[in-house]
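The following paragraphs are meant to be read with the coordinates open, moving from helix packing in one chain to the sheets of the other and then to the contact between the chains.

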Amino acid sequence: MEQALREEKALLLSGNQAAAYGAYLSRVQVIAAYPITPQTTIIETLADIMTKADWKHKFINVESEHSAMACCIGASMGGVRAYTATSAQGLALMHELLHWASGARLPIVLVNVNRAMAPGWSIWSDQNDSLSQRDTGWIQLYCESPQEVLDTVIQGFMVAEKVNVPVMVVEDAFILSHTSEVVELPDQAVIDRMLPPRAPAFRLDMEQPAAFGGLLGPEYYQEVRAKLHKAMEEAGRVLVNVDALWQKNFGRSYGIVEPYRCEDADLVLVTSGAISSTSKIVIDQLRRQGRKIGRLKIKLFRPFPFQEIQRLLGDVPKVAIIDRNCSYGHHGIFFQEIKSALYGSKKGDRPKLYGYILGLGGRDVTINTLRQVIDLTSERDEPDPETIWVK
Amino acid sequence: MIEIRIHGRGGQGAVVASSLLAKAYAYEGFHVQAFPEFGVERRGAPVLSFIRVDEKPIRLRTKVYQPNHIIVLDSALLKFIDVTAGLDPNGIIILNSPLKPGEVKLNGSWIVATVNASEIAAECGIGTATSPIANTAILGAYARAVPLLPLMSVTKAIEETFGGKSRNNLMAVEKAFENTALPSNFVAEALEAYYQIR
C-alpha cells in the first residue's frame, strides 16, 4: 500500500473525494450539480481535478437539484455519460426527475451522501433520504468505505449502461464522506477497456430527428414499465459479473450482499453502509467468546437480493436487522424488505426477525450500540411486536 | 491502534494537519483514517480533527473517544476545554506553547511536549505575523515526541501536499523538531508508552 502511495497509484481520499475520482476515471462527459452539505466536497474535488487533468467534459452550474437532474437527463439523452451528486433535501427536490430518468432508461450515476431529512435541520447521516426514493426505479448501492465508493461509481456506470437503468451510489454523511483513507486508483487503461465510451442505441441526434418521452397510451404503458422492472432484475446479475471482473483486475470485490462469519451462526446481524464495517469488530469479539454470531451486509438494495437473503438467512434461528431509517407507522425499511424476502421462502420455521432503529440524524453507532442490539436479540425468545429504538 | 485528536480553532488548519499526519503514517506502511469533527465549522470557534493509525486495516467507523495522542494548536483553549478528556493514561500531549513542559498546568500521568509553533510559523512566514498558522510546525514537534513517526515522512507528506509551496512549511517543521521541549526523563517513557499502545 505504501509503495502504491509513493508511486501515486493510491491517494489519501475521503469518501467524497473518492466519489469525484470515480467520476473522473469513468470519463464522465457532463456533470450538473448543486452544492449541499455534506456533498459539497465532491463538487470541490471535481473542480480540483478539472484544473489539473486533461479531462474533456462539461460542468453545468445549476440553480437547484431539480435542474441538476434535468441537465443530466438531457445530456444522457444526447448520448453522453452524465453524473451528479446530492444529499437529503437536494435528493428530495430531484424526486420527480428521478422517475423521469429511470422511465426514459437513462444510465445516469448519482452519488447520494446519506443525510437526515429536515426538520429539525440536520447535516448528519441517516438513510431516509435515499430510501424515500426506493420506488423511483433507480438501482441503489450502499457503500462502507471510501475505496468502495470509488469502485462503485465506476461499477455503477458499467451496470447502468448495460441495462439502461440509473444508479444511485450511497455513502454515509461524514462517517464516509469526510473520512480519509488510502484509496487505490484503478488503472485508467483497464477502466477504459471495462467501460468503453457510451454508445446508446437511441439518442437525440440532429441528423436523425426523433421525439422522446411522448404520450404513451394504456395499450403500451404497462409493457414499457414491465421492461423497466425486468431490466432492474437483470441489473443484479450484471453487477455480480462486473464485481467478478473487478476482482480479476484489481483483486477486490464487494458482492451484492457480503456475509461475514455467517457459517453455523444462530444469530445474524443485518447491516448496510458504514455500520457494516464497525460491525465486523463486534462479530470478531463475540466469536472469540465462542458465540455463533455473523453479519450480513446488504450492498444492493434495489433490485433487492431476494435469493441471497433466502439462501443466507433462511435457516438462521434469529436475525437482528439494523435500520438507520424509519418508515413511520411501519418498521425500519431494511426490516420490511428482509421480512418480505423471507415470507414464503420455505416451509416450516422461518427465522425470527428482530428490528432495531438507531443512529438517526448522525447519532454515533459504536461497538457498544451494536453489542446492545445483539444482547437484546439474544435475551429474547420472541421478537417484540414493535421495532426497538436503540439509544 | 493509535488514535490522535487535534484541538484547534476554525482557520488554524487542524483538518489539514490531520490529513498530513495520516499521510505521514501511511508512508510508514500503516493503515490510516483522518476525519474532522462531524459538524459545522466557524472561524475562531474550537474545532477537532482525528487520526487513526493501525497495522491492520481499520474497520472502526465511529468517533474517537479515548485518544492516545493529543495535539493542541492553540494553548488558550486549555482555559475552557478539557483537552485531556478520554486521554490514555500513557498518552502524549503536544502543545503549541512558549512554556516548558513542567510549567504547563495539566494534571495527569501523560507526557507533555511543548513547542512555540506559532513563533516558528511567524518566523517562517506562514500566515501573518499577528496570526501565524502553526499546523505544520507542530507536526515537527509531534515527530520528535512520538519516535514511531520519522520526521522524513512528515516532510514528505508536506512536499506531496503543497508541492512547490512547501519550502516555508518544511523549514518550520524542522525548526519545531529541533526546538521541542520534552520532559527530562523523556526517551524511556515515550518508548514504554509506545509499546503499550501498540
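In this predicted model, a convenient place to begin is chain B, where the axes of α4(B) and helix α5 (residues 167–178) come within 10 Å and cross at roughly 160 degrees. Since angles over 145 degrees count as roughly antiparallel, α4(B) is therefore roughly antiparallel to α5(B), and α4(B) passes α5(B) in a right-handed crossing. On the α4(B) side the contact is made by L151(B), V154(B), T155(B), I158(B) and F162(B), which meet N169(B), L170(B), V173(B) and F177(B) of α5(B). Sorted by class, this contact has seven nonpolar and two polar residues, with no charged residues.

The helix α4(B), residues 151–162, also packs against helix α1 of chain B, residues 14–27, and here the two axes come within 8 Å and cross at roughly 120 degrees. An angle of that size leaves α1(B) and α4(B) oblique to each other, and α1(B) passes α4(B) in a right-handed crossing. From α1(B) the contact takes L20(B), K23(B), A24(B) and Y27(B), while α4(B) offers S153(B), V154(B), K156(B), A157(B), I158(B), E160(B) and T161(B). The residues of this contact of α1(B) with α4(B) divide into six nonpolar, two polar and three charged. V154(B) and I158(B) of α4(B) take part in the contact with α1(B), and V154(B) and I158(B) are also listed in the contact with α5(B).

Chain A offers a helix pair of its own, in which helix α4 (residues 65–77) and helix α6 (residues 95–103) of chain A pack at an angle of about 15 degrees with their axes 9 Å apart. Because angles under 35 degrees count as roughly parallel, α4(A) and α6(A) are roughly parallel to each other, and α4(A) passes α6(A) in a left-handed crossing. The residues that meet are H66(A), M69(A), A70(A) and I73(A) from α4(A), and L97(A), L98(A), W100(A) and A101(A) from α6(A). By class they divide into seven nonpolar and one polar, with no charged residue.

Turning to the sheets of chain A, one of them is an open sheet of seven strands with mixed pairing, in the order β3-β2-β4-β5-β7-β6-β12. At its edges stand β3 (58–61) and β12 (300–302) of chain A, each of which has a single partner strand, so that one side of each is left without a neighbour in the sheet. Neighbouring strands of this sheet are turned against each other by 20 degrees on average, direction ignored. Within it, strand β5 (residues 109–114) and strand β7 (residues 167–172) of chain A run parallel and are joined by six bridges, with M168(A) in β7(A) as the bridge partner of L110(A).

Another open sheet of chain A has six strands, ordered β9-β11-β10-β13-β14-β15, and again the pairing is mixed. Its edges are β9 (257–260) and β15, and since each has a single partner strand, one side of each is left without a neighbour in the sheet. Strand β10 (residues 267–271) of chain A pairs with β13(A) in the parallel sense over four bridges, and V270(A) stands opposite I321(A) in β13(A). Two helices lie against these strands: α11(A) packs on the sheet, touching β9, β10, β11 (293–298) and β13 of chain A, with its direction at about 170 degrees to that of β11(A), whereas helix α12 (residues 306–313) of chain A touches β9, β10, β11 and β13 with its direction at about 10 degrees to that of β9(A).

Further along this sheet, strand β13 (residues 318–323) and strand β14 (residues 352–357) of chain A pair in the parallel sense over six bridges, and V319(A) stands opposite L353(A) in β14(A). The strand β14(A) pairs in turn with strand β15 (residues 388–389) of chain A, in the parallel sense and over two bridges, with I357(A) opposite W389(A) in β15(A). Together with helix α14 (residues 367–378) of chain A, β14(A) and β15(A) make a left-handed β-α-β unit.

How many residues does each chain bring to the contact between chain A and chain B? The contact takes 21 residues from chain A and 18 residues from chain B. On the chain A side, the elements that give two or more residues are α1 (2–6), β8 (180–184) and α11 (275–288) of chain A, and α11(A) gives the most, with four residues. By class, the side of chain A that touches chain B has nine nonpolar, seven polar and five charged residues.

Terms used:
Residues numbered from 1 in each chain as written. Chains lettered and ligands numbered in written order. Predicted model: local features only at pLDDT ≥ 70, side-chain atom pairs only at ≥ 80, totals over all residues. Contact = placed C-beta atoms within 7 Å. Nonpolar A, V, L, I, M, F, W, Y, C, P; charged D, E, K, R; others polar. Pairing = 2+ DSSP bridges. Axes fitted to C-alpha atoms, helices over the stretch in contact; angles between N-to-C directions. Parallel < 35°, antiparallel > 145°, perpendicular 65-115°, else oblique. Left-handed = near helix turned anticlockwise from the far one by under 90°. Right-handed = clockwise from strand over helix to strand, strands pointing away.
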